[in-house]
Amino acid sequence: MNALAATNRNFRHASRILGLDSKLEKSLLIPLREIKVECTIPKDDGSLASFVGFRIQHDNARGPMKGGIRYHPEVDPDEVNALAQLMTWKSAVAAIPYGGAKGGIGCDPRELSTSELERLTRVFTQKIHDLIGIHRDVPAPDMGTNSQTMAWMLDEYSKFHGHSPAVVTGKPIDLGGSLGREAATGLGVFFATEALLSECGKSIPEMKFAIQGFGNVGAWTAKFIHGVGGKVVAVSDITGAVKNPNGIDIPALLKHKETTQSLKDFQGADAMDTNDLLVHECDVLIPCALGGVLNKENAAEVKAKFIIEAANHPTDPEADEILSKKGVVILPDIYANSGGVTVSYFEWVQNIQGFMWDEEKVNCELKKYMMKSFHDIKAMCQAHDCSLRMGAFTLGVNRVAHATLLRGWEA
């Protein structure tokens, strides 16, 4: 089942639990606006190249829309639509005043030079500058983009609208980026894991963890877990996988990856098949990579008792059912990986106030938001006797539906 069908299914299930009016349900599902633009740039060799840029703005009932910009050769409109919708529910679960959006350009960033990427980003920003804005739609980095991409977007947007640091988040610190933003999603995953385990009468130091994906989110999550005495027994990424039943030395593995760009040949652990990571012997499994990795083929083999969804949509609905029957507790992505959007919100707030926070305040506020959201989700689970995923979806959908009704959507 693709990401859009799965998201729509979760949404419909939540709206049935909440007893939403069918007209309101339909209205919440359809995106507010879909933008498609042509971006033609001169390449370094003098030839012209055309790319398609797009932005899906899903909902703005609770505030300006928010979501990443990805540069990827295969941009699937359905997936982007699902991710824009997920951002709406995710922002509502986190109780931050945003709606959802997502966008990007169909290109392979590895095949473009830095100057070509800059020209492409500037042309894209010129085409959508009147449809984004501090109080309208605030982009952020995503797959294939980074803080430099945001710096170019900010500069191009500011040519039309004056200096506007709050128009994008995930910026370099020197241009108004927030301290703590880089580690935010990983730290949020750590706080979410802590909240779930303590609810079940357990703690991080007594558990064994397997982490799929060792990019930004996976690496930071592993670092925080290792830092409080949790045992990370297996780690994988696209370069390979390593395991050590006594726990991997995460700082040493990070150093090894930094020097070799790979997990292979790491001395402190044994190599393993990357496909075996998801079914490896552990207490807590944290998928931090791609969507759809837990499916009906491998779900029955999963040994973990807890799954923390740090990736977007890593568990197919079929796998969800199999795992639930086995008694596996799944902490859903729309809560577990909301640390990134929460600290993006803090960055936006700091930019609007023109007053920057220190890192300690950022992390302290993030913990406060993550803990409050967890308790709000648990309250929904108790009220509707449902899983954590449905607790999170009903919480998010209910907040957006309530805001929509208060604004008078039928007028």
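Me: What makes up the fold here, in terms of helices and strands of the protein chain?
Reply: This is a predicted model, and the protein chain in it has 13 helices and twelve strands.

Me: How do you know whether the protein chain agrees with a compact globule or not?
Reply: Put the radius of gyration against the globule rule, 2.2 Å times the number of residues to the power 0.38. With 411 residues that rule gives a value near 22 Å, and the protein chain has 21 Å, so the two agree. As for the box, the C-alpha atoms fill roughly 55 × 55 × 40 Å along the principal axes.

Me: What else describes the packing, say the share of the 411 residues that count as buried?
Reply: That share is 58%. Among contacts with a separation of 6 or more, 67% are between residues 24 or more positions apart. The accessible surface comes to about 17400 Å², with 51% of that belonging to carbon and sulfur atoms.

Me: On to the annotated residues. Which residue does UniProt list for "active site"?
Reply: The unreviewed UniProt entry lists Lys-102. Lys-102 sits in strand β4, residues 99-106.

Me: Why is Lys-102 called buried or exposed?
Reply: The cut-off for buried is under 20% relative accessible area. Lys-102 has 6%, so it counts as buried. Setting aside neighbours within four places in sequence, its contacts are Arg-55, Ile-56, Gly-68, Arg-70, Val-80, Leu-83, Ala-84 and Asp-142.

Me: And which residues does the "binding site" annotation cover?
Reply: Lys-66, Lys-90 and Ser-344, again according to the unreviewed UniProt entry.

Me: What makes them a cluster in space, although they are spread over 279 residues of sequence?
Reply: The C-alpha distances: the largest is 12.9 Å.

Me: How do you know whether Lys-66 and Ser-344 are buried or exposed?
Reply: Same test as before, under 20% for buried. Lys-66, in strand β3 (residues 65-72), has 2% relative accessibility and therefore counts as buried. Ser-344, in helix α11 (residues 339-353), has a relative accessible area of 2%, so it is buried too.

Me: What does Ser-344 touch, not counting residues up to four places away in sequence?
Reply: Lys-66, Tyr-98, Thr-169 and Arg-181.

Me: Why is the Ser-344 and Arg-181 side-chain pair called a polar contact?
Reply: The distance limit is 3.5 Å between N or O atoms, with one able to donate a hydrogen and the other able to accept it. The side chains of Ser-344 and Arg-181 are joined at 3.1 Å, so the distance is within that limit.

Me: Rings next. How many aromatic pairs are there?
Reply: The count comes to twelve aromatic pairs. One of them is Tyr-98 with Trp-348.

Me: What makes the Tyr-98 and Trp-348 pair edge-to-face?
Reply: Ring centres must lie within 6.5 Å, and planes over 60 degrees apart count as edge-to-face. Here we have 5.2 Å centre to centre and 65 degrees between the planes, so both criteria are met. The pair links distant parts of the chain: Tyr-98 in the loop between α3 (77-93) and β4, and Trp-348 in helix α11, 250 residues apart. Both rings are in buried residues, with Tyr-98 at 0% relative accessibility and Trp-348 at 9%.

Me: And why is the Phe-346 and Trp-357 pair called tilted?
Reply: Under 30 degrees would be stacked and over 60 edge-to-face, with the rest tilted. The planes of Phe-346 and Trp-357 are at 45 degrees, with centres 5.3 Å apart, so tilted it is. Phe-346 lies in helix α11 and Trp-357 in the loop between α11 and α12, so the pair ties together parts eleven residues apart in sequence. Phe-346 is buried at 2%, and Trp-357 is buried at 13%.

Me: Which residues do ring pairs link into a cluster?
Reply: Tyr-98, Tyr-345, Phe-346, Trp-348, Trp-357 and Tyr-369.

Me: Last one. What makes the phi of Gln-261 worth a remark, given that Gln-261 is not a glycine?
Reply: Most residues other than glycine have a negative phi. Gln-261 has a positive one of about 60 degrees. Gln-261 lies in the loop between α8 (250-260) and β9 (270-272), and at 59% relative accessibility it counts as exposed, since the cut-off is over 50%. Asp-385 also has a positive phi, about 50 degrees, in the loop between α12 (359-384) and α13 (388-407). At 72%, Asp-385 counts as exposed.

Technical notes
Residues numbered from 1 in each chain as written. Predicted model: local features only at pLDDT ≥ 70, side-chain atom pairs only at ≥ 80, totals over all residues. Heavy atoms only, no water. UniProt positions renumbered as here; feature names shortened; annotations may be inferred. Helix = DSSP H or I, 4+ residues; strand = E, 2+ residues; numbered from the N terminus. Buried < 20%, exposed > 50% of the residue type's maximum accessible area, 1.4 Å probe, protein only. Contact = heavy atoms within 4.5 Å. Areas by Shrake-Rupley, 256 points an atom, 1.4 Å probe, with all protein chains shown as cover. Phe/Tyr/Trp six-rings, centres within 6.5 Å; stacked < 30°, edge-to-face > 60°.
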